[in-house]
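User: Hi! Could you walk me through this one?
Analyst: Happy to, let's have it on screen.
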Amino acid sequence: MTVITPQMVREHGLTDEEYARIKRLLNREPSYVELGIFSVMWSEHCSYKSTRIHLRKLPTKAPWVLQGPGENAGVIDIGDGDACIFKMESHNHPSFIEPYQGAATGVGGIMRDVFTMGARPIAMMNALRFGEPSHPKTRHLVEGVVRGIGGYGNCMGVPTVGGEVNFHRSYNGNILVNAMCVGLARQDKIFLSAAKGAGNPVVYIGSKTGRDGIHGATMASAEFDDASEEKRPTVQVGDPFTEKLLLEACLELMATDAIIAIQDMGAAGLTSSSAEMGDKGGSGIELDLDKVPQREANMSAYDMMLSESQERMLAVLKPGREAQAAAIFKKWELDFAVIGITTDTKRLIVKHKGAVVADMPITALSDEAPVYERPYDKRSPEKESPKFDPSKKLMDSLLKIVGSPDMCSRRWVWEQYDNTVMADTVQCPGGDAAVVRVHGSNKGLAITTDVSPRYCKADPFEGAKQAVAEAWRNINAVGARPLAVTDNLNFGNPQKPEIMGEIVSAVDGIGAACRALDFPVIGGNCSLYNETNGEGILPTPAIGAVGLMHDVHRMATVAFKREGDSILLIGETRGHLGQSIFLREIQQMETGAAPPVDLAAEKKNGEFVRKLIEDGRADTVHDASDGGILVALAEMALAGDIGVEVGIAGTTVDAVPFFFGEDQARYLLSIPTAQADKIAREAQEAGIIHALIGKTIASKVVRVAREGEIALADLRKAHEGWFPAYMAAPHAN
Amino acid sequence: MKSAVIVFPASNCDRDAQVALKQMTGQDPHMVWHQDAVLPDVDLVLLPGGFSYGDYLRCGAMASQSRIMREVKAHAEKGGAVLGICNGFQVLTETHLLPGALMRNADLKFVCRPVGLEVQETQSAFTRKYSNGQKLSFPVAHGDGNYVADDETLNRLEGENRVVFRYAAGDNPNGSARDIAGILNEKRNVLGLMPHPERVVDPLLGGTDGQAMFESLIEALS
């Protein structure tokens with residue numbers, strides 16, 4: 001038997017204390033296979049050891065939550081016996097090393113998390129952060145990640161309906177690829193991972209096991225350095241064709257009643273799926289690795305237990321149902337093998353070539369995994385209110401902002417994703433939230449992902465609140481009722497007290513906003529150690545959210561629809577310029593306080609706007625966030641190809657802060673003028689701050705009283721121009 | 001009109017085609033698995049979009065060799081109508097039911113967006129309810145829709161009025177020769193096109209320009 005050396009322990013990412021704990025739990029030295037199993041199960045990625053105590057503080061319950069955190073994905077009740085199942089997950093480290101495969105397998109992994117619970121995936125989103133455009137790797141990474149997401153999602157035939165793309169130098173060495181999958185199931189056909197009962201067959205389905213992705217979870221739990229490129233072989237390789245077959249085969253098997261439990265093999269493959277299923281079921285699991293379908297010859301037990309080969313699932317069947325299940329997988333030409341049995345020992349026992357190579361109590365991998373209360377230092381948030389330069393011409397600034405890397409059209413990206421397959425996409429990318437119809441009904445699910453990392457850097461608490469509030473606002477803005485969120489917490493090294501402080505504050509901020517908005521967190525994922533050579537990313541707690549509308553015919557969109565409409569601004573404009581796009585793009589300043597989020601105002605304003613849409617009184621709505629109201633108005637004008645004229649109203653704020661300030665809780669509505677006064681009166685009565693600030697006009701321009709105007713054609717050229725021009729430029733490497 | 005939709009492994013517009021046919025004809029189409037040996041007695045066979053067999057070889061190449069395609073060919077040879085959309089068009093060229101080939105898009109990128117089309121030919125079972133020169137908007141969603149053929153074939157297609165749809169001027173999404181978006185076979189009972197008519201039969205989904213294709217088929221085949 002291999003003797004474990006301190007060197008091996010370190011190479012497995014375990015500390016001396018953690019290794020001592022393993023010996024104590026086993027009452028002996030671990031075998032080499034056991035060491036590998038502990039290392040992945042105790043990795044940050046699988047164990048959440050740095051964040052677990054903080055994540056417990058998040059609100060996770062509501063009458064419509066059917067399944068909160070802890071399963072493969074969260075589940076909400078959307079009425080009529082239907083359930084919506086969704087989750088967002090990161091694939092950051094692999095995507096930096098190998099962008100196409102990293103992003104593709106990120107999409108595949110999150111889809112499996114959703115369909116393993118019995119849902120058919122109906123929409124994908126993604127939140128992407130890249131380094132600054134001038135960095136030599138950025139273009140190559142954007143191209144590879146976008147191709148990878150499209151390559152996988154398009155083949156699966158699941159529409160990719162939107163997301164975010166941002167650039168910032170803090171991601172130069174560490175991009176973020178967060179993918180979200182939303183699925184649909186019947187409430188009485190939801191599958192969980194608890195392998196209850198002894199003597200039930202444990203079956204392996206899907207692709208064969210190879211040596212790819214060994215120790216992916218451990219890689220995802222370490223910082224990067226210049227040698228990280230050498231980790232390319234730990235990146236998994238995706239096969240969307242097999243995944244499509246796996247999806248259809250699993251749904252076919254799920255239509256029978258043969259399954260007791262099922263779980264996908266994601267991070268840490270066979271190890272985590274078997275340990276988690278046994279743990280949740282309170283049972284033991286015995287595996288015979290000789291039965292595992294293998295792609296390569298002479299694979300060791302260690303290789304098989306740690307492989308992250310894609311497109312695989314583990315299930316526990318009712319005894320005697322093996323033949324029925326095997327027939328389904330034969331039809332779909334997938335591997336199927338009975339590789340083990342559940343026991344009542346609560347131990348994970350792994351046999352290979354007749355020998356027992358691992359025998360450990362499952363609780364040692366789950367409940368007994370280390371949990372750290374890492375020291376943290378909450379630095380005080382930025383408080384400054386930066387001065388704006390009054391010499392900057394308003395309309396020139398608008399043109400520059402709509403053509404800037406973070407604010408320009410993402411058409412270059414989303415046109416590479418099939419966003420209309422499944423014939424239920426009623427709102428395509430480019431709006432506040434995407435809307436996908438619940439097949440065969442008039443109901444719609446609104447989906448969005450949001451976070452403004454620059455706000456989170458200035459103030460992690462307010463910034464995280466803002467991410468939740470913006471997601472909530474985007475869902476209201478299309479006319480859906482926001483129901484629940486999934487969080488994807490991307491941060492640097494939690495062993496640094498200032499980073500841990502960002503994490504703690506951000507979790508507190510998410511919790512505060514979700515509680516106030518009745519918007520529970522039903523699942524999520526943490527990606528820590530997003531650092532390269534000691535440089536951390538901006539704190540990026542991405543929020544994915546889903547809402548429900550009862551009649552998609554009443555959905556609102558951002559596009560102006562009529563000339564002569566009145567423009568109603570809902571919410572208070574104080575002219576908050578700290579951390580604004582204006583300061584960054586026009587004055588090259590990334591300073592100031594993050595905009596404060598008044599959650600009571602968010603709730604009041606959002607519910608007012610949603611009611612107008614639900615009652616069929618508003619069909620044109622846009623939230624005002626990044627870039628402020630003038631940018632939002634320009635986007636509405638471009639989307640509808642209808643001009644607009646506005647002026648300052650209801651406040652004494654100067655033009656630049658009025659039009660480019662990023663105050664929260666605001667919406668812009670375009671409503672037929674005959675109804676505008678009545679709606680404004682109702683806002684007044686409801687105590688909602690509002691102003692009628694202008695009209696849509698026949699002339700195809702954006703015009704601001706006393707400031708000038710700019711043609712939609714020029715705005716469109718700038719807005720649509722940046723991305724294709726950037727991507728077409730010669731590659732630096 | 002009785003219809004069948006062929007389902008290959010990793011077809012992914014099969015359900016969309018099924019829903020559109022149900023909506024337009026009032027009848028459920030037969031969903032026919034690629035390993036089936038028999039084609040039901042139908043008026044129209046639809047080859048749907050997707051990534052049959054993963055399309056890791058040339059798109060449609062594996063599907064063209066599948067068992068059910070022998071039956072589809074026989075159906076076409078007897079004069080039965082066959083409609084191939086997107087991957088279905090690729091399968092039809094690989095099967096040689098239609099001439100030419102579909103190569104990678106000229107810019108090497110997958111493209112999904114509504115494109116302008118112009119109806120070039122209304123003398124067919126697929127297009128009789130359109131008018132000549134009519135402008136349509138259908139979505140495309142493909143990585144390999146760049147239609148190529150030698151000049152002789154292209155001239156012949158045009159000379160025999162077998163180019164049914166062209167991309168509107170300046171809106172060719174893939175570099176197709178002569179802006180070709182859809183073509184007929186010689187007997188005019190097989191149509192292949194890259195854009196997706198089945199995604200534009202519901203006003204909520206960006207238009208109803210696809211309805212007339214199904215109405216044409218119902219009129220011609222019922």
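Analyst: One definition to start: a crossing is left-handed if the near helix is turned anticlockwise from the far one by less than a right angle, and right-handed if clockwise. Helices (H or I, at least four residues) and strands (E, at least two) are DSSP runs, numbered from the N terminus.

User: And the ground rules for the model?
Analyst: This is a predicted model, where local features need pLDDT of at least 70, side-chain atom pairs count only at pLDDT 80 or more, and totals for chains, interfaces and linings use all residues. Residues are numbered from 1 along each chain as its sequence is written, while chains are lettered from A and ligands numbered from 1 in the order in which they are written.

User: What are the ipTM and pTM of the model?
Analyst: Both ipTM and pTM are 0.96. For chain B, the mean pLDDT (the predictor's confidence in each residue, from 0 to 100) is 97, and 100% of its residues reach 70 or more.

User: Back to handedness: which way do α8(A) and α10(A) cross?
Analyst: The crossing of α8(A) and α10(A) is right-handed. The axes of α8 (residues 138-156) and α10 (residues 240-254) of chain A come within 9 Å and cross at roughly 35 degrees. Axes here are lines fitted to C-alpha atoms, for helices over the stretch in contact, and angles run from 0 to 180 degrees between N-to-C directions.

User: Which residues meet there?
Analyst: From α8(A) there are A:Gly151, A:Tyr152, A:Cys155 and A:Met156, and they meet A:Pro240, A:Phe241, A:Glu243 and A:Lys244 of α10(A). By class, that contact of α8(A) with α10(A) has 5 nonpolar, 1 polar and 2 charged residues. Ala, Val, Leu, Ile, Met, Phe, Trp, Tyr, Cys and Pro count as nonpolar, Asp, Glu, Lys and Arg as charged, and the others, Gly among them, as polar.

User: How many residues of chain A are in contact with chain B?
Analyst: 20 residues of chain A are in contact with 22 residues of chain B, where contact has C-beta atoms, placed from the backbone, within 7 Å. On the chain A side, α8, α10 and β14 (425-427) each supply at least two residues, and α8(A) gives the most, with 4 residues. That side of chain A has 10 nonpolar, 7 polar and 3 charged residues.

User: What about chain B overall?
Analyst: Chain B has 6 helices and 11 strands. Its radius of gyration is 16 Å, close to the 17 Å that the globule rule gives for 222 residues, so chain B is as compact as a globular protein of that length. The radius is taken over C-alpha atoms, and the rule is 2.2 Å times the number of residues to the power 0.38.

User: And chain A, how much of it is buried?
Analyst: Of its 733 residues, 62% count as buried. Buried is 20 or more other C-beta atoms within 10 Å of a residue's own, exposed is 12 or fewer, and partly exposed is in between, with C-beta atoms placed from the backbone. Chain A has 25 helices and 28 strands.

User: How many residues of α3(A) are buried?
Analyst: In helix α3 (residues 32-41) of chain A, 9 of its 10 residues are buried, including A:Val33, A:Leu35 and A:Phe38.

User: Where is A:Ala469 found?
Analyst: A:Ala469 is in helix α18 (residues 460-478) of chain A. A:Ala469 is buried, with 31 other C-beta atoms within 10 Å. Not counting residues up to four places away in sequence, A:Ala469 touches A:Ala513, A:Val597, A:Leu599, A:Glu602 and A:Gln664.

Terms used
Two residues are in contact if their C-beta atoms, placed from the backbone, lie within 7 Å.
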